[in-house]
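This report walks through the fold of one protein chain, strand by strand and core by core. Please keep the sequence and the model at hand while reading.

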Amino acid sequence: MEGFAYSAPQSVEEAVAVLAEARRSGRRAQPLAGGTDMLVQMRTVDRGERLIVDLKRIPEATRLDIGRTTVTIGAAVPAAVLTRHAELEKLFPGLVEAVDLIGSTQIQGRATLGGNLCNSSPAGDTIPALFANAAQCVIRGPGGERRVAVEQFVTGVGDNVLADDEILVALEFARPGPRTSDAYLRFIPRTEMDIAVAGAGVSLTLDAGGTCTAARVAIGAVAPTALLVPAAAAALVGSRVDAAAIARAGDACSAAARPISDKRGTADFRRKVVGVLCRRATAIALSRASGG
Ligand SMILES: Cc1cc2nc3c(=O)[nH]c(=O)nc-3n(C[C@H](O)[C@H](O)[C@H](O)COP(=O)(O)OP(=O)(O)OC[C@H]3O[C@@H](n4cnc5c(N)ncnc54)[C@H](O)[C@@H]3O)c2cc1C
């Protein structure tokens, strides 16, 4: 070990080169975005020496671009920028409300969407919302760029597909078309600043007559990773998102959940609550997609 060190690369190429060199020389290196997970972990569970590679000076990672067909959110854009972006909120109100649940005003000044995903906590609030919106993870490493569907990114508690010399550069979304919207809800025992006991993200598209033509439903904090629930989406697609379809979607979420019992809630409670959250989030996404 060579102690602690800090590097602030100015480009993706430079960041990847720094990480790759650390890997070659057997030195531990770790990307830093907002540090709101990492610094807490460095003071509690993992005090090990390392080279910290700050991503916040990289233009591609700090860019937010709303294009005609694609929306790109740099992995290191602060939450506070995302929650104050009116156009982004109009396109992805559920994703923005998930970001807005992270910590406090102070935390949101540093915390990032990329950090929430890369920390890969089962309870990360933005992860079900990213699943619901079919985000693509844009990853760069020494071999170039690769893209991974967000539901394949997280592989376990605190684990994901990134190699030691790769960084998540951005999250990319298809720009939502007409009558498409989303919602995210979580349950916590307190009114704020707590970890989700269960969460549900829903995105749906309606045709001009109000029939659901596409849906994605995801749940969080009820399994080692967030889960996409295709059976819940199937319950909505083809329906007019009436009470019976919404109830079937909720039941599918409860059935898909694989929760643990801990001091925050029993497995039975989580299984039940995640169904309720799915139903409520679906009703909100429906109202938004209907122009409500
Ligand atoms: C008081 C408090 C309240 C909180 N409340 C919530 C909450 O309600 N909901 C919630 O979900 N979270 C919450 N968090 C956790 C944390 O704020 C979020 O997970 C936040 O989004 C992490 O982002 P960050 O940029 O700070 O990540 P960092 O701490 O910088 O990084 C987290 C991890 O991801 C890695 N990483 C970060 N970015 C990249 C990248 N681009 N490429 C590769 N690896 C990367 C880092 O190496 C590290 O391992 C809270 C934290 C605190 C301290």
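## Strand pairing, cores and cysteines

Leu204 has Ala215 as its bridge partner in S13. This pairing, like everything that follows, is read from a predicted model. Strand S12 (198–206) is joined to strand S13 (residues 212–220) by eight bridges, and the two strands run antiparallel. Five residues lie between the strands of this hairpin, and among them Gly210 takes a positive phi near 95°. Strand S13 also pairs with strand S14 (residues 227–228), again in the antiparallel sense, over two bridges. Here Ile219 has Leu227 as its bridge partner in S14, and in the hairpin of S13 and S14, which has six residues between the strands, Ala221 takes a positive phi near 70°.

A parallel arrangement is found elsewhere in the chain. An open sheet of three strands follows the order S1-S3-S2 with parallel pairing. Strand S1 (5–7) and strand S2 (29–32) stand at its edges, and because each has a single partner strand, one side of each is left without a neighbour in the sheet. From one strand to the next, the twist averages 25°. Helix H1 (residues 12–24) packs on this sheet, touching S1, S2 and S3, and its direction makes about 165° with that of S3. Four bridges join S2 to strand S3 (residues 51–54); these two strands, together with helix H2 (residues 38–43), make a right-handed β-α-β unit.

The bridge partners named for these pairings are set out below.

| Residue | Bridge partner | Strand of the partner |
|---|---|---|
| Ala29 | Leu51 | S3 |
| Pro31 | Val53 | S3 |
| Leu204 | Ala215 | S13 |
| Ile219 | Leu227 | S14 |

Which residues have the most contacts inside the largest nonpolar core? They are Ile73, Leu117, Leu130, Cys137 and Phe173, in a core that has 37 residues. Several elements each supply at least two residues of this core, including strand S5 (70–74), helix H4 (86–91), helix H7 (113–119), helix H8 (126–132), strand S6 (136–141) and strand S10 (167–174). Leu117 illustrates how these parts meet: leaving aside its neighbours within four places in sequence, Leu117 is in contact with Ile127, Leu130, Cys137, Val150, Phe153, Val154, Leu168 and Leu171. A second, separate core holds 33 residues, including Ala183, Ala200, Val222 and Ile246.

Helix H5 (93–100) is another of the elements that each supply at least two residues of the largest core. This helix is mostly covered, with six of its eight residues buried, namely Pro93, Gly94, Leu95, Val96, Ala98 and Val99.

Pro93 is also one of the residues touched by Ser181, which lies in strand S11 (residues 180–187). Not counting residues up to four places away in sequence, the other residues that Ser181 touches are Val202, Ser203, Leu204, Ala285, Arg288 and Ala289. Ser181 has a relative accessible area of 6% and is therefore buried. In the loop between S11 and S12 sits Asp194, whose relative accessible area of 18% also places it among the buried residues. Leaving aside neighbours within four places in sequence, Asp194 is in contact with Arg186, Ile188, Pro189 and Arg264.

The cysteines deserve a separate look. How many disulfides does the structure hold? The number is zero. Cys137 is in no disulfide, and the nearest cysteine sulfur, that of Cys118, is 7.9 Å away. At 0% relative accessibility, Cys137 counts as buried, and Cys137 is also listed among the residues with the most contacts inside the largest nonpolar core. Cys253 is likewise in no disulfide, although the nearest cysteine sulfur, that of Cys278, is 3.5 Å away. Why does that pair not count? A disulfide is assigned to cysteine sulfur atoms within 2.5 Å, so the 3.5 Å between the sulfurs of Cys253 and Cys278 does not meet the cut-off. Cys253 is buried as well, with a relative accessible area of 0%.

Terms used. Residues numbered from 1 in each chain as written. Predicted model: local features only at pLDDT ≥ 70, side-chain atom pairs only at ≥ 80, totals over all residues. Heavy atoms only, no water. Core = buried A, V, L, I, M, F, W, Y, C linked by side-chain atoms within 4.5 Å. Buried < 20%, exposed > 50% of the residue type's maximum accessible area, 1.4 Å probe, protein only. Contact = heavy atoms within 4.5 Å. Pairing = 2+ DSSP bridges. Axes fitted to C-alpha atoms, helices over the stretch in contact; angles between N-to-C directions. Right-handed = clockwise from strand over helix to strand, strands pointing away.
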